[in-house]
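Subject: Structure for your review

Dear colleague,

Please find below the structure that I am handing over to you. My findings follow it.

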Amino acid sequence: LCAGIKLREKGQDDFLIFDREPRVGGTWQRNTYPGLECDVASTLYCYSFAPNPDWSGLYPPQAEIREYLERVAHDHGLEPHLRLGVAVASAQWDEARARWRLVLSDGQEVESQFVISAVGLFGAPVTPEIAGLDAFEGTVFHSAEWNHDHDLHGERVAVIGSAASAVQFVPEIAPETEQLHVFQRTPNWIPPKQSEPYTEEQKETFRRQPELLAEARENLFNLIETVLNYLEPGGLQMAEDAAREAFEVVEDPEVRKKLTPDHPMGAKRPLASSKYLQTFNRQNVELVTEPITEVTANEVVTADGAKRAVDTIILATGYETQKFLSVVDVTGRDGLKIGDAWEKGPEAYFGVTTSG
């Protein structure tokens, strides 16, 4: 969307934007699991040229972000350029014509001088290789493909995975389940998240004085840049100490120990929540750290021999992150596939063009 807006600003009108989804919004259109919201404060999580005084709070929810992106696309005249619900199946370089030939999911072909890939890093959701998972007779779905038609009320539910998506949806579904088993492979640092809603007075102030919104954005931007660029081990240790205190809300010392990471803060992406850790104080929520060995028709079996009967399995197991441009079959000069060119990792000149 940003690329399209900037092209129009430069007077370039001969471009198309393809998206396999029926609406714009990218990850905020595709992911719809309960509790989904941004981890970056709303003053910064928006386009610099399209500030939004109407965010409901500091960390906006998924639907609100998607609506914002739709509004920006409309306000900047992108709708005539959008081709929604149309995936790009392949892109092949024609050396003689110095053009890309795109084959679309509906069979049409498009020729283009330039192709901008904005498919993001997270392509296909990962289904874990667990013996018997495909023979499970209950309901199975991935957090990235949430089944809103399935009612979890009164069910026995297994959540496999405990990172970014699980931290957000587990507190939302726990109250409606009869029993919730959260299968954790690696614990995460989870500092608290102060998600305060904006009052109508605050929103009105942002509307009347847009310079305040711009100032808040700049201050947050500078703070994050400073932290990322100059954070020394001492600063990381302070952040870790503060995060460690957050685990004190977990009442059971054994559960608290299992939830606490043994890697230093910053070694993995820290998560943020003021609900997730507290969820393990509920009588109907169990943290399981024994590895899963198999799934039967109605049970999840762990390495210690324990069998847990469940009605639904929710996979919170992330995305295929090592197959760059995995959703488009890209062929360059002399038939070179981009998967082969990037076999040892992606390389690009200034992130724009890659050899062959």
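Why does C46 form no bond with the closest cysteine sulfur, in C38? The two sulfur atoms are 10 Å from each other, which is too far for a bond. A disulfide requires sulfur atoms within 2.5 Å, and the structure, which is a predicted model, holds zero disulfides. Both cysteines count as buried: C38 has a relative accessibility of 4%, and C46 has one of 15%.

I turn next to the interior. In soluble globular proteins, nonpolar side chains tend to be buried together. The largest nonpolar core here has 52 residues, and those that touch the most other members are V159, F169, L180, L259, Y276 and I314. Among the elements that give two or more residues to this core are the helices α3 (62-75), α4 (164-173) and α7 (233-246), together with the strands β7 (156-160) and β8 (179-183). A second, separate core consists of twelve residues, including F136, F183, V310 and L315.

V159 merits a separate look. Apart from neighbours within four places in sequence, its contacts include F169, L180 and I314, as well as F183.

Finally, there is the second largest pocket, which holds about 990 Å³ of space. Its lining comprises 26 residues, and D39, P191, I224, V227 and P270 lie nearest the centre. Helix α7 supplies the largest share of this lining, with six residues; α6 (210-230) also gives two or more. By class, 20 of the lining residues are nonpolar, three are polar and three are charged.

With kind regards

Note on methods: Residues numbered from 1 in each chain as written. Predicted model: local features only at pLDDT ≥ 70, side-chain atom pairs only at ≥ 80, totals over all residues. Heavy atoms only, no water. Core = buried A, V, L, I, M, F, W, Y, C linked by side-chain atoms within 4.5 Å. Buried < 20%, exposed > 50% of the residue type's maximum accessible area, 1.4 Å probe, protein only. Helix = DSSP H or I, 4+ residues; strand = E, 2+ residues; numbered from the N terminus. Contact = heavy atoms within 4.5 Å. 1 Å grid on protein atoms, 1.4 Å probe; cavity = no way out; pocket = protein on both sides within 12 Å on 5 of 7 lines; lining within 4 Å. Points joined across faces, edges and corners; volume = space filled by probe spheres on them. Nonpolar A, V, L, I, M, F, W, Y, C, P; charged D, E, K, R; others polar.
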